[in-house]
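This report describes the packing and pairing in one structure, for a reader at the bench. Please look over the sequence and the model before reading on.

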Amino acid sequence: MRSCAWPLFISLVLVFAFAAARSCAAADSLSPSKAEQRMFYLLNLERKQAGLSALAWNDDAAQAARAHARRMAANGELSHQFPGEPGLQQRLIATSARFASAAENIALADNEDEAHLGLMNSPGHRENILTTYYTAVGIGVVRRNGRLFVAEDFVRLLPAYSEQQFQEAFAKALNRVRHAKRIKPVQIIRDRSLHLAACSTHGDAASAVPVDLNIAGELVVFNLSEPDQLPPELLERIDAPSLSQMRVGLCFRPDPKHGNGNFWVVAVLQR
């Protein structure tokens, strides 16, 4: 918690998580309040002046932000997590959003403009507002005793891929890398036994592959939430011209460590 020259208190938390779609336990169907609209306008005005694209409004993130703003107002103080309250990642996972990572700004001020000014004068909060990484935001503003409790939840949204859609996007990304190096495409073959292996993990790559898996080739195990963000352990292997096909098993398996957009991939590279 920090205090500034004006009556504003702000705090910052970053959470990196790869997200999954979950049903919402208690939907917040309210449209943005005037105060939330004002904070959203000021935030995107800063981005426009900095030559950045606007953040989209996200109802799921707003649901999480409002719930936290209400809790701050009920406690009469700022905190990113109160006793018995889930952390930012868990609050967002409880909504239907699928996201790659998230960050949160919180503030206490007399009005929206003062809250925004205080956040912009804090380097960490300013970075959250102006980064090119996040794509959407949800804002919750609650007034208590004449003061505003503000929560801004930033998210990098992900498409809600099915396993088939993710595999297709992954295959395209892989072969784009090979095409850029003028290497012929690799045939991607979905393999049931590898799929079962990918679905066996509980966040531990070593546990994803049973010891009796019997498929000829070089085995690589990794996790992804964005299919075009190929991991180094794969990139260093796929530029071999002799590589002809890849057998893959891909399983959507969110977990606390890797986030709720996580896919495990078990691949066998065959030459």
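## Helix α6 and its packing

The buried residues of α6 pack against β7 (187-190), β8, α8 (232-235), β9 and β10, where contact means heavy atoms within 4.5 Å and buried means under 20% relative accessible area with a 1.4 Å probe, protein chains only. Helices (H or I, at least four residues) and strands (E, at least two) are DSSP runs, numbered from the N terminus. The buried positions of α6 are F166, Q167, F170, A171, A173, L174, N175 and R178, and R182, which follows the helix, has a positive phi near 60°.

This is a predicted model, in which local features need pLDDT of at least 70 and side-chain atom pairs count only at pLDDT 80 or more, while totals for chains, interfaces and linings use all residues. Residues are numbered from 1 along each chain as its sequence is written, and side-chain values use heavy atoms, with hydrogens and water left out.

## Nonpolar cores

The largest nonpolar core (buried Ala, Val, Leu, Ile, Met, Phe, Trp, Tyr and Cys residues joined through side-chain atoms within 4.5 Å) has 21 residues, and F170, L174, L234 and M246 have the most contacts inside it. At least two residues of this core come from each of α6 (163-180), β8 (218-224), β9 (245-252) and β10 (263-270), with the largest share, 5 residues, supplied by α6. Beyond its neighbours within four places in sequence, L234 is in contact with F170, L174, F222, M246 and L269.

A second, separate core of 19 residues includes L130, V137, L148 and F154.

## Strand β6 and its partners

Strand β6 (residues 147-157) is mostly covered, with 9 of its 11 residues buried. Strands count as paired if DSSP finds at least two bridges between them; β4 (residues 99-109) pairs with β6 in the antiparallel sense over 9 bridges, and L108 has F149 in β6 as its bridge partner.

Strand β5 (residues 136-144) also runs antiparallel to β6, joined by 9 bridges, and G138 is bridged to D153 in β6. The hairpin formed by β5 and β6 has 2 residues between the strands, and N145 in the turn has a positive phi of about 55°.

## The surroundings of D191

D191 lies in the loop between β7 and α7 (192-198) and is buried, with a relative accessible area of 9%. Although D191 and R247 are 56 residues apart in sequence, their C-alpha atoms are 5.9 Å apart. The D191 side chain makes polar contacts (N or O atoms within 3.5 Å, one able to donate a hydrogen and the other to accept it within protein, and residues adjacent in sequence counting only if both atoms are side-chain atoms) with the side chains of S193, at 2.4 Å, and R247, at 3.1 Å.

Technical notes: Buried means under 20% relative accessible area, exposed over 50%, partly exposed in between (1.4 Å probe, protein chains only).
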